[in-house]
Amino acid sequence: MRIREENCNMVLLAVVTSISVAIAGGATLLGVGDSKPVRFAEQAPSPDKRIINVGDQPPVRVIGAPFVPNTNPRER
């Protein structure tokens, strides 16, 4: 039984996917990594921490010529 050249990449994708699913399923059944639940909710800032806004930063002095992208390489 030979795999046709056109289907070679799809067979490889299916094999890698099934192995990955088997490893993930085995890790789930064994309970690997269940030490602490993950929290995605944003926590309220503590009163001790200072809130930094990006617009409040002082301007930076740039030394040298400003960068101008070369949009037309034929004209220099």
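Colleague: Before I count anything, what counts as a helix or a strand here?

Modeller: Helices and strands are DSSP runs, with at least four residues for a helix and at least two for a strand. In this predicted model, the protein chain has one helix and zero strands.

Colleague: Which residues belong to helix α1, and how do I check its span?

Modeller: Helix α1 covers residues 8-30. The idea is to take 1.5 Å times one less than the number of residues. With 23 residues, α1 should span 33 Å, and its end C-alpha atoms are 33 Å apart, so the two agree.

Colleague: What comes just after α1?

Modeller: Gly 31, which has a positive phi of about 80 degrees.

Colleague: How much of the protein chain is buried?

Modeller: Buried means under 20% relative accessible area. Of the 76 residues, 0% fall into that class. The chain exposes about 8600 Å², and carbon and sulfur atoms supply 60% of that.

Colleague: Is Ile 19 exposed or partly exposed?

Modeller: Exposed starts over 50%. Ile 19 counts as partly exposed because its relative accessibility is 47%. This residue sits in α1 and joins Ile 3, Val 11, Val 15 and Ile 23 in a nonpolar surface patch, with about 420 Å² of accessible area together.

Colleague: And how many salt bridges are there?

Modeller: Look for a Lys or Arg side-chain nitrogen within 4 Å of an Asp or Glu carboxyl oxygen. That gives one salt bridge: the side chains of Arg 4 and Glu 6 meet at 3.7 Å, N to O. Both Arg 4 and Glu 6 are exposed.

Definitions and conventions
Residues are numbered from 1 along each chain as its sequence is written. This is a predicted model: local features need pLDDT of at least 70, side-chain atom pairs count only at pLDDT 80 or more; totals for chains, interfaces and linings use all residues. Side-chain values use heavy atoms; hydrogens and water are left out. Patches are made of residues with over 30% relative accessible area and no salt bridge: like charges are joined within 9 Å, nonpolar side chains (Val, Leu, Ile, Met, Phe, Trp, Tyr) within 5 Å. Accessible areas come from the Shrake-Rupley method with a 1.4 Å probe; for residues, only the protein chains shown count as cover. Buried means under 20% relative accessible area, exposed over 50%, partly exposed in between (1.4 Å probe, protein chains only).
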